Structures are given as C-alpha cells and as structure tokens.
Amino acid sequence: MLQTTNPTDQTCVFCRNEFIESSFCRTSRFSAYYNIAPILPGHSLIIPNKHYESLFELSEDEQSEMMVFARKITSVLKTVFNCDGFDWTIQDGVSAGQTVPHLHLHIVPRKPLDLPESNEWYSKIQPSENGILDSENRARLNDDEYNEITAKLKLACESITSKRID
Ligand SMILES: [Zn+2]
C-alpha cells in the first residue's frame, strides 16, 4: 500500500501523490524512482517517504536503512542496465546545489567511456531538478518510455522486496 499520509509537504514535488505513485520500489521508509530525464541510462533517485530536507534529520536507523536500500537498488540497476560502476550523490543544502528541499540520493550506473570525462555527470546533474526531475538540457522520456522502464525495474525489484528489505 502506498503511504501518503505520513508527514509530507504538499508543496514539495517529491511528496505529491502522483509522484509517489511513480516509484518502482517502495518500503515503509524509502522509495526508488527512475529519473524522467536520466543523465545516463539507469539514473534513479532514492527518497525518504517522509519529508526530510537533510540527511541530518534522519535517525541513525533511517540512515542505515537508506544505505541498505540504496545499495540493493543500485545492484538491481547495475544488472538491468548492464553497468559495472555507479555514482552516488546527495546535494545537501542550497550551497551544495540542492534544488528540491526533500532529501534524495542520485544513483547513476556507469560503464567505461559512457561520458567523455568520467566525472562529467556532476555538471549534468545540476539543472535536473527544476520541479519535476526534468531538464530543458536533457532528453526527457515520454510517458510510454518512462512507464516501460518503471515496470521493468518494478519486476526486477520484486526479488529483493520478497527478501523483506523493509
Ligand atoms: Zn517532500
């Protein structure tokens, strides 16, 4: 069941029901979403279901759970997108480039030579969160493409959720 009643902020794009419904994996505390405008194939987000702005608002238990959940999702993404590496990044605070004030971890699965410079993803990620995980500077998936990938990832995640990650 979707949890939409715990502390949320309806002015926040990550707390809106229509956004929550687009997750491909959800536990009682965390959800995973495919980025509508991925900087590379597989680019996804891990987001706490509760409206936390900063990593420092999480309890130690929640921090541990976020790490475990993110690692499992990363493992699924690496398999589905046939990647051998990944970048994780959290932009915590406006000065760090955070544009949506709801904690989120970017996962970007990587392959050799997928970008001209291996650290080029950071500049690409900057304009990516202007409200709806979209970017004028990156190709945005259409609804069919997005739904297809989300369905595929949902299926791939079923094996890990059956192992009770929540
Ligand atoms: Zn929120």
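Residues 24 or more positions apart account for 66% of the contacts in the chain with a separation of 6 or more. The model is predicted. Of its 166 residues, 28% count as buried. The chain holds four helices and five strands. From the N terminus, these elements run α-β-β-β-α-β-β-α-α.

The strands form an open sheet of five, in the order E1-E2-E3-E5-E4. Pairing is antiparallel. Strands E1 (25-26) and E4 (85-90) are the edges, and each pairs on one side only. Helix H2 packs on this sheet and touches E1, E2 (30-34), E3 (44-48), E4 and E5. The direction of H2 makes about 160 degrees with that of E3. In general, strands of a sheet pair through backbone hydrogen bonds, either parallel or antiparallel. Between E4 and E5 (residues 105-110), the antiparallel pairing comprises six bridges. Gly-85 stands opposite Arg-110 of E5.

Helix H2 spans residues 60-80, a run of 21 residues. From its first C-alpha to its last, H2 reaches 30 Å. This is close to the 30 Å expected at 1.5 Å a residue. The buried residues of H2 are Met-66, Phe-69, Ala-70, Lys-72, Ile-73, Thr-74, Val-76 and Leu-77. Lys-72 and Thr-74 are thus listed as buried alongside residues such as Phe-69 and Ile-73. An α-helix has 3.6 residues a turn, so residues three or four places apart point the same way. Just after H2, Asn-82 takes a positive phi of about 55 degrees.

The largest nonpolar core has 24 residues. Those with the most contacts inside it are Phe-24, Ile-46, Ile-47, Ala-70, Ile-73 and Ile-107. Two or more core residues come from each of E2, E3, H2, E5 and helix H4 (143-161). H2 gives the largest share, six residues. In soluble globular proteins, nonpolar side chains tend to be buried together.

Ile-47 is among the core residues with the most contacts inside the core. Its wider surroundings were examined with neighbours within four places in sequence left aside. On that basis, Ile-47 is in contact with Phe-14, Phe-30, Ser-31, Tyr-33, His-102, Leu-103 and His-104. Ala-70 and Ile-73, also among the core residues with the most contacts, appear in the list of buried H2 residues.

How values were computed: Residues are numbered from 1 along each chain as its sequence is written. This is a predicted model: local features need pLDDT of at least 70, side-chain atom pairs count only at pLDDT 80 or more; totals for chains, interfaces and linings use all residues. The expected span of a helix is 1.5 Å times one less than its number of residues. A residue is buried if 20 or more other C-beta atoms lie within 10 Å of its own, exposed if 12 or fewer, and partly exposed in between; C-beta atoms are placed from the backbone. Two strands pair if DSSP finds at least two bridges between them. Two residues are in contact if their C-beta atoms, placed from the backbone, lie within 7 Å. Axes are lines fitted to C-alpha atoms, for helices over the stretch in contact, and angles run from 0 to 180 degrees between N-to-C directions. A nonpolar core is a set of buried Ala, Val, Leu, Ile, Met, Phe, Trp, Tyr and Cys residues joined through C-beta atoms within 7 Å.
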